[in-house]
Amino acid sequence: MNAKLLRPSLLVLICTMFVSCFSSKGIPYKKKTKTSYTTNVKNNVDHSAWDQLLKTYVTEDGLVDYKGFKDDRKALNNYVTYLANITPKNNWDFKEQLAYFINVYNANTIKLIVDYYPVESIKKVDATLSPFLKKFIYIGDKKFSLADIEKGILQKMKEPRMHFAINCASFSCPKLLRDAYTSQNVDELMDKAVKAFINSDKNKITENTVKLSEIFKWYKKDFLQDSESIIDYINQYANTKISPSAEIAYIEYDWSLNDID
């Protein structure tokens, strides 16, 4: 048999054995395992500059002072450049990689809005196809889009809570927290983000009537990795428990900018 035909299968086997793979552009990422959160890890990346920016320009409700970010764009750009110059390593812990990619997504989303601000919606940002397909994010010498980071890396890490950690600069998105993600806090902060979103007015939950964010429809397969149904997943975090027989409807997504003004 031609040796070239064996290579894809061999690659899959290697990825499975080490629970570590590479994105289509060669950026390493690891998949969640049962032991992903059992050890403390020293940070390889300093996210303190991003933490300070978040505490300065994001409210407790998750609204963003984009004008403030624009006025302080040097600090924002410095952090984004810092992330770009630190290419993740295959020997990084899962939590370190996860925190890194969440912060890459969120910081570059803010940068995208700031570069075009004032703008009414992320969907109004100038892009050939979609702002989510616009390749403006650097990691090393490679360029990525927001979709590349979300779908090409974060989703493949098999941690569905990441959908509540990343923010797409819109009112219907899970709110942007005022804390930078790190390897030490990523598990705790994701739980905080999930609970805040599920129990917010982005969903309307009673025992027998459920209207949910379209996030639960768009990414249903991700949530079913951890639960038998969407209701089972939500009931892990909801203050009001939903009947298993409740029918689910969805709330139209509001893409207007989550601006403080």
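Start by selecting Asn167: at 3% relative accessibility, this residue counts as buried. You are looking at a predicted model, and Asn167 sits in its loop between helix 6 (146-154) and helix 7 (186-198).

**Around Asn167**

Show the side chain of Asn167 and follow it to the backbone nitrogen of Ala169, which it reaches at 2.8 Å. Then bring up the surroundings. Leaving aside neighbours within four places in sequence, Asn167 is in contact with Tyr105, Asn106, Thr109, Cys173, Pro174, Lys175, Leu176 and Asn258.

Now move to Ala169 itself, in the loop between helix 6 and helix 7. Is Ala169 buried or exposed? Its relative accessibility is 1%, so Ala169 counts as buried. Check its backbone too: phi of Ala169 is near 65°, a positive value in a residue other than glycine. That deserves a second look, because most residues other than glycine have a negative phi.

**Elsewhere in the loop**

Select Lys158 next, again in the loop between helix 6 and helix 7. Lys158 is not a glycine, yet its phi is positive, at about 65°. With a relative accessible area of 34%, Lys158 is partly exposed.

Arg161 is your next stop, also found in the loop between helix 6 and helix 7. Arg161 has a relative accessible area of 7% and is buried. Which side chain does the side chain of Arg161 meet in a polar contact? Look for Tyr37, at 3.4 Å. If you set aside residues within four places in sequence, the contacts of Arg161 are Tyr37, Asp187, Met190, Asp191, Val194, Tyr233 and Tyr237.

**Along helix 5**

Select residues 94-116 to bring up helix 5, which has 23 residues. From first C-alpha to last, helix 5 reaches 34 Å, close to the 33 Å expected at 1.5 Å a residue. Colour the helix by accessibility: 20 of the 23 residues are buried, so helix 5 is largely enclosed by the rest of the structure.

At the start of helix 5, find Asp93, where a side-chain oxygen comes to within 2.8 Å of the backbone nitrogen of Lys95. Then travel along to Lys111, which is also placed in helix 5. Its side chain is joined to that of Asp115 by a polar contact of 2.9 Å. Not counting residues up to four places away in sequence, Lys111 touches Leu76, Asn77 and Val80. For a distance to try in the viewer, pick the C-alpha atoms of Lys111 and Asp61: these residues are 50 apart along the chain, and the atoms are separated by 20 Å.

Continue to Pro118, in the loop between helix 5 and strand 3 (137-139). The peptide bond joining Tyr117 and Pro118 is cis, with omega about 5°. For context, most peptide bonds are trans.

**The three-stranded sheet**

Show strands 5, 6 and 7 as a cartoon. They form an open sheet in the order 5-6-7, with mixed pairing. Strand 5 (204-205) and strand 7 (247-251) are the edge strands, each pairing on one side only.

Begin with strand 5 and strand 6 (residues 209-213), which run antiparallel and are joined by two bridges. Together they form a hairpin with three residues between them. To see the pairing residue by residue, select Lys204, opposite Lys211 in strand 6, and then Ile205, opposite Val210 in strand 6.

How do strand 6 and strand 7 run, parallel or antiparallel? They run parallel, and five bridges join them. One pair to display is Ser213 with its bridge partner Ile251 in strand 7.

**Zooming out**

Now show the whole protein, with its 10 helices and seven strands. The radius of gyration is 19 Å, close to the 18 Å that the globule rule gives for 261 residues, so the protein is as compact as a globular protein of that length. Its C-alpha atoms fill a box of roughly 55 × 50 × 40 Å along the principal axes. Of the 261 residues, 48% count as buried. Among contacts between residues at least 6 apart in sequence, 70% join residues at least 24 apart.

Finally, colour by pLDDT. The mean is 91, and 92% of residues reach 70 or more. Select residues 1-18, where pLDDT stays under 50 and the model has three contacts beyond four places in sequence. Where pLDDT is low, the predicted coordinates should not be read in detail.

How values were computed: Residues are numbered from 1 along each chain as its sequence is written. This is a predicted model: local features need pLDDT of at least 70, side-chain atom pairs count only at pLDDT 80 or more; totals for chains, interfaces and linings use all residues. Side-chain values use heavy atoms; hydrogens and water are left out. Helices (H or I, at least four residues) and strands (E, at least two) are DSSP runs, numbered from the N terminus. The expected span of a helix is 1.5 Å times one less than its number of residues. Buried means under 20% relative accessible area, exposed over 50%, partly exposed in between (1.4 Å probe, protein chains only). A polar contact is a pair of N or O atoms within 3.5 Å; within protein, one must be able to donate a hydrogen and the other to accept it, and residues adjacent in sequence count only if both atoms are side-chain atoms. Two strands pair if DSSP finds at least two bridges between them. pLDDT is the predictor's confidence in each residue, from 0 to 100. Contact means heavy atoms within 4.5 Å. The radius of gyration is taken over C-alpha atoms; the globule rule is 2.2 Å times the number of residues to the power 0.38.
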